[in-house]
Amino acid sequence: MSNIMAIETVALDDQNSQLVLIDQTQLPNRVEILHLSTQEEIREAIYLLKVRGAPAIGVAAAFGIYLAAKGIQTDDYTAFLNEYRQCSKYLEEARPTAVNLAWALRRMEQVVLDHADMPVAEIKALLLKECNAIKDEDTDMCRRIGEHGLSVLKDGDGVLTHCNAGQLATSKYGTALAPIHLGRERGMQFRVYTDETRPLLQGARLSAFELMADGVDTTVICDNMASQVMKNGWVNAVFVGCDRVAANGDACNKIGTSGVAILAKHYGIPFYVLGPTSTIDLDTPTGDDIVIEQRPAHEVTDMWYEKPMAPQGVKVYNPAFDVTDHELITGIITEHGIAKPPYTESLKALFEKKNH
C-alpha cells in the first residue's frame, strides 16, 4: 500500500504556476497527483471533491486565488482588484457550506485591500507569502488539535469516526484523526472503527486508507453498524470533524454525523467534534442558519455500481451535511483548547484566547 502519509495533500508549484494535489476521487485504488493550472480546473477539483475536507479546501483556495492573481495582466490596482474579486467569487461558489473556503478567500482578499498603495507586483508577492502562511498554520494547527485530542484518550482505546478528517482533509495530521496519527508517532496503539460514510465512502476509501498506511488497527463498518459496535463496548470515544460550527455549538459535518451523535448519547460514549477555530462561525447563531449543500442524485444511485442500484427516475434526497445539536456534543476540540458546554460562552472564550 502506498504510504499516503508521505505525500502532501495540497501543495503549490509556484515555478510552474500549478496547484498540486492528490485526486481523492481515485483513492484507494490509485494514487494520482493532479497539476492544475486554470481556475476552471481548480474550481472543478473543489466541487468534485478531488480535494476535500474543510482545512484542505481552505489551503487549496488560498493557493488557487494566488495563482489567479498571478495571472492577472494589469498594473492598475482598481482593475486588478475587480478581476481578483471575480476570481474569488468564482472559487467560493464551488462549495457554499465549507466555511474554510470563504475564510481563506477573505483572508487573501484582505491582503489586497490592506496594500492598495503598493504596486500590483508587490501585492502578488504578499499573496504568495500569505497562502504559504495559511498552509503552514494549518499544519501547526492540526498538530495542536492532535495534542488536545490525545488528552481525552488512553493507549489502546477504541475510537469511532465518520467521514474523513485526517491528513487527506488537511495539510498534515488532520483534525479528527490528528490525535490518532500523533499518538502513533509516540508509539501508542488505537483501534479505529471507520463508518464507510455513504454515499461518497470517505470513511472506507480515505480514512481507512490513511490509517492503515500509518499502521493503525482499522476496521471499516457500514454506517448502520455503528450502534452494534457501540453496544459491543468497542468504542471509548467518537471523533468527527466539522465543516462549520455555529455560535451555540451546533456542528455541521458530513451527512450521518448527527445519527452517530444520537447513538453515542444513548450508549454514554463521549462525542467530540475536532476542528480549527477558523471553522467556528460566531456570526451564525445556530445550526438552523447553515445552508446545507444538495448533491446530485447519481452519487446515491449510480456512482459505485456497474448498473444503477435504484429504480430509474426515483426521487433522491442527497444532502452533503447534517447538523449535530450542541446538546449531543461532549466537547469541541480546537488548536486553542477544548470548548465545553455552554458553547455560547466557551467558544467566545476560545476566540479571546486566540486573539491575545
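Buried, on this tour, means under 20% relative accessible area, exposed means over 50%, and partly exposed is what falls in between. Keep in mind as you click around that this is a predicted model.

**Stop 1: the cysteines**

Start by selecting Cys163. You'll find it in the loop between strand E4 (158-161) and helix H6 (178-185). Is Cys163 buried or exposed? With 7% relative accessibility, Cys163 is buried, because the limit is 20%. Look at the backbone here too: Cys163 isn't a glycine, yet its phi is positive, about 65°. That's worth a pause, since most residues other than glycine have a negative phi, and most peptide bonds are trans.

Next, show the cysteine sulfurs. A disulfide is a covalent bond between the sulfur atoms of two cysteines. How many disulfides does the structure hold? The count is zero. For Cys163, the closest cysteine sulfur belongs to Cys252 and sits 11 Å away, too far for a bond. Now hop to Cys242, which is in no disulfide either: the nearest cysteine sulfur is again that of Cys252, 9.0 Å away. Cys242 is buried as well, at 8% relative accessible area.

**Stop 2: another positive phi**

Select Leu49, in the loop between helix H1 (39-47) and helix H2 (54-70). Its phi is near 65°, a positive value in a residue other than glycine. Leu49 is buried, with 10% relative accessible area.

**Stop 3: two cis peptide bonds**

Go to Arg198 and Pro199 and zoom in on the bond that joins them. That peptide bond is cis, with omega about 0°. Pro199 lies in the loop between strand E5 (191-195) and helix H7 (202-213).

Then jump to Pro341 and Pro342, which are also joined by a cis peptide bond with omega about 0°. Here the setting for Pro342 is the loop between strand E14 (337-339) and helix H11 (343-354).

**Stop 4: salt bridges**

Time to show charged side chains. Side chains of opposite charge can pair when their charged atoms come close. There are 15 salt bridges in this model, and three of them make good viewing.

Pick Glu293 and Arg95 to begin. They form a salt bridge, with the closest N and O atoms 2.8 Å apart. Which parts of the chain does this pair tie together? Glu293 is in the loop between strand E11 (280-281) and helix H10 (298-301), while Arg95 is in the loop between helix H3 (77-92) and helix H4 (99-114), so the pair ties together parts that are 198 residues apart in sequence. Both Glu293 and Arg95 are buried. Add Arg295 and Glu299 to your selection, and you have a network of salt bridges linking them with Arg95 and Glu293.

For the next pair, select Arg107 and Glu137, whose side chains meet in a salt bridge at 2.8 Å, N to O. Arg107 is in helix H4 and Glu137 in helix H5 (residues 120-150), so distant parts of the chain, 30 residues apart, are linked here. Glu137 is partly exposed, at 38% relative accessibility.

Now try Arg244 and Asp281, a salt bridge with its closest N and O atoms 2.7 Å apart. Strand E8 (residues 244-246) holds Arg244 and strand E11 holds Asp281, so parts 37 residues apart in sequence are tied together. Arg244 and Asp281 are both buried.

**Stop 5: a long-range neighbor**

Back to helix H4 for a moment, and select Trp103 there. Trp103 is partly exposed, with 25% relative accessible area. Now add Thr279: how many residues separate Trp103 and Thr279 in sequence? The answer is 176, although their C-alpha atoms are 8.4 Å apart in space.

**Stop 6: two surface patches**

Switch on the surface and select Asp288, Asp289, Asp325 and Glu327, which form a negative patch. One of them, Glu327, is in the loop between strand E12 (321-324) and strand E13 (331-334). Glu327 counts as exposed, because its relative accessibility is 60% and the cut-off is 50%.

Finish with Met303, Trp304, Tyr305 and Met309. These form a nonpolar patch on the surface, with about 390 Å² of accessible area together. Among them, Tyr305 is in the loop between H10 and E12, and it is partly exposed at 34% relative accessible area.

Terms used:
Residues are numbered from 1 along each chain as its sequence is written. This is a predicted model: local features need pLDDT of at least 70, side-chain atom pairs count only at pLDDT 80 or more; totals for chains, interfaces and linings use all residues. Side-chain values use heavy atoms; hydrogens and water are left out. A disulfide is a pair of cysteine sulfur atoms within 2.5 Å. Buried means under 20% relative accessible area, exposed over 50%, partly exposed in between (1.4 Å probe, protein chains only). Patches are made of residues with over 30% relative accessible area and no salt bridge: like charges are joined within 9 Å, nonpolar side chains (Val, Leu, Ile, Met, Phe, Trp, Tyr) within 5 Å. Accessible areas come from the Shrake-Rupley method with a 1.4 Å probe; for residues, only the protein chains shown count as cover. A salt bridge is a side-chain nitrogen of Lys or Arg within 4 Å of a carboxyl oxygen of Asp or Glu. Lys and Arg count as positive and Asp and Glu as negative; His and the chain ends are not counted. The place of a charge is taken as NZ of Lys, CZ of Arg, CG of Asp or CD of Glu. Helices (H or I, at least four residues) and strands (E, at least two) are DSSP runs, numbered from the N terminus.
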